[in-house]
Amino acid sequence: MQNKGKLKMFVEQLLSEDQIPDVNREVSGISSDTPPQQMDVNALLRRQSSDGTAPKLDQYPLNSFNGILSDLFINVENTISMLKSAYNNPSIEDKESVKDSYKVAKSIEKLIVDLNEKVTKIR
């Protein structure tokens with residue numbers, strides 16, 4: 001039950017922040033007339049500031065932090081779920097290794113939530 005509380009707290013934290021969709025992102029499955037090309041920094045800046053004004057500079061480079069941390073949290077949750085299944089699997093004899101791995105994954109989960117709270121304070 002503690003797991004659901006942390007997940008709820010993490011989701012509320014993410015929802016309370018501004019969520020701006022990335023409209024320039026390539027979506028798989030959608031065809032294009034031209035093949036994808038490698039993007040360099042100069043081309044990106046030219047596209048963002050095509051009106052002649054300087055691009056907005058963020059004080060800290062944390063634009064993609066929410067997405068990365070969300071993916072990390074979901075992957076850790078999936079790992080915890082797999083470890084629970086592995087522990088209940090009768091064919092796995094070394095239950096102590098599974099239990100130790102579960103404890104490590106739970107500590108990583110807590111660290112992710114703590115990291116999100118700390119980074120939110122500096123943004």
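Q: How much accessible surface does the chain have, and what share of it belongs to carbon and sulfur atoms?
A: Keep in mind that this is a predicted model. The chain's accessible surface comes to about 10,200 Å². Carbon and sulfur atoms account for 56% of that.

Q: Which residues make a nonpolar surface patch of about 260 Å²?
A: One lead is L15, which sits in helix 1, residues 2-16. L15 counts as exposed because its relative accessible area of 64% is over the 50% cut-off. The patch is made by L7, V11 and L15.

Q: What secondary structure does the chain have, and what pattern does it follow along the sequence?
A: Start with the tally: four helices and zero strands. Reading along the sequence then gives α-α-α-α.

Q: What percentage of the chain's residues is buried?
A: Buried here means a relative accessible area under 20%. The chain has 123 residues, and the buried part of them is 21%.

Q: Which helix supplies the largest share of the largest nonpolar core?
A: That core has 14 residues, and F10, L69, F73 and I112 have the most contacts inside it. Helix 1, helix 3 (65-88) and helix 4 (95-122) each put in at least two residues. Seven residues, the largest share, come from helix 3.

Q: Which residues is F73 in contact with, leaving aside its neighbours within four places in sequence?
A: F73 is among the residues with the most contacts inside the core. Setting those sequence neighbours aside, its partners are L7, F10, E109, I112 and V113.

Definitions and conventions. Residues numbered from 1 in each chain as written. Predicted model: local features only at pLDDT ≥ 70, side-chain atom pairs only at ≥ 80, totals over all residues. Heavy atoms only, no water. Buried < 20%, exposed > 50% of the residue type's maximum accessible area, 1.4 Å probe, protein only. Areas by Shrake-Rupley, 256 points an atom, 1.4 Å probe, with all protein chains shown as cover. Patch = residues over 30% accessible without salt bridge, like charges linked within 9 Å, V, L, I, M, F, W, Y side chains within 5 Å. Salt bridge = Lys/Arg side-chain N within 4 Å of Asp/Glu carboxyl O. Core = buried A, V, L, I, M, F, W, Y, C linked by side-chain atoms within 4.5 Å. Contact = heavy atoms within 4.5 Å.
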